[in-house]
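Student: I would like a close look at a single part of this structure, namely its cysteines and the strands around them. Please give one connected account.

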Amino acid sequence: MEFIQNNIITIAIAVISGVMLVWPSFRRGGKIINPTEATWLINREDALVVDVREAHEYAVGHLPDARNIPLKDLQARASELESHKDKPLILVCASGVRSGQGCAQLQKLGFTRLNNLDGGIHAWEKAGLPIKRGGKKK
């Protein structure tokens with residue numbers, strides 16, 4: 001007990017840091033998947049890939065056949081995905097943060113099979129998987 005009293009500030013900082021590290025994972029929606037799982041869903045279950053980055057980021061490089069719907073437009077354009085409401089969707093961004101937010105938005109709209117690519121396009125590239133450059137698929 002004396003240790004805690006003498007080190008209360010250090011303990012408080014450690015607890016706050018831990019909470020801050022874990023907090024983003026609570027805000028994400030959907031199942032977090034890796035590039036291998038994403039490939040499996042694309043090939044075996046015909047999953048639709050939705051890239052939630054801005055158009056200029058999408059043009060630099062994206063997953064083949066990915067549809068670009070920026071996060072800021074996702075709710076307004078969710079009707080474009082209505083036919084996939086009960087089918088697997090894989091949301092992708094640069095690192096997995098924006099796509100997690102997109103999963104949470106779509107989850108509130110009744111989409112049931114949401115997947116968030118952990119590590120985003122960077123993890124996809126690091127795994128040596130194909131990237132398509134240029135163009136915009138809506």
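Tutor: In this predicted model, the count of disulfides comes to zero. A disulfide requires a pair of cysteine sulfur atoms within 2.5 Å. Cys93 is in no disulfide, since the nearest cysteine sulfur, that of Cys103, is 9.4 Å away. Seen from the other side, the sulfur of Cys103 has its closest cysteine sulfur in Cys93, and because the separation is 9.4 Å, it is too far for a bond. Both residues can also be described by their accessibility. Cys93 has 1% relative accessibility and therefore counts as buried. Cys103, at 0% relative accessibility, likewise counts as buried.

The surrounding elements come next. Strand β4 comprises residues 89-92, and helix α5 comprises residues 97-108. Together with β5, this strand and this helix make a right-handed β-α-β unit. Within that unit, β4 and β5 (residues 114-117) pair in the parallel sense over three bridges. One position in this pairing is Leu91, which stands opposite Asn116 in β5. β4 also pairs with β2, again in the parallel sense, over four bridges. Here Val50 stands opposite Leu91 in β4, so that Leu91 has a facing residue in β5 as well as in β2.

The side chains of β4 can be sorted by direction. In a regular strand, side chains alternate between the two faces of the sheet. In β4, Leu89 and Leu91 point one way, while Ile90 and Val92 point the other way. All four of these residues are buried.

The whole sheet places these pairings in order. The sheet is open and has five strands, arranged as β1-β5-β4-β2-β3 with parallel pairing. Its edge strands are β1 (31-33) and β3 (67-68), each of which pairs on one side only. In general, the strands of a sheet pair through backbone hydrogen bonds, in a parallel or an antiparallel manner.

Strand β2 leads on to the largest pocket, which has a volume of about 290 Å³. Of the 16 residues that line this pocket, the closest to its centre are Ile42, Ala47, Val49, Pro64 and Asp65. The elements that give two or more residues to the lining are α3 (35-45) and β2 (48-51). The largest share, three residues, comes from α3. By character, the lining divides into nine nonpolar, three polar and four charged residues.

How values were computed
Residues are numbered from 1 along each chain as its sequence is written. This is a predicted model: local features need pLDDT of at least 70, side-chain atom pairs count only at pLDDT 80 or more; totals for chains, interfaces and linings use all residues. Side-chain values use heavy atoms; hydrogens and water are left out. On a 1 Å grid over the protein atoms alone, a cavity is a set of points where a 1.4 Å probe fits but cannot get out, and a pocket is an open set with protein on both sides within 12 Å along at least five of seven lines; lining residues have an atom within 4 Å of a point. Grid points are joined across faces, edges and corners, and a volume is the space filled by probe spheres set on the points. Ala, Val, Leu, Ile, Met, Phe, Trp, Tyr, Cys and Pro count as nonpolar, Asp, Glu, Lys and Arg as charged, and the others, Gly among them, as polar. Buried means under 20% relative accessible area, exposed over 50%, partly exposed in between (1.4 Å probe, protein chains only). Two strands pair if DSSP finds at least two bridges between them. A crossover is right-handed if, with the strands pointing away from the viewer, the path from the first strand over the helix to the second runs clockwise.
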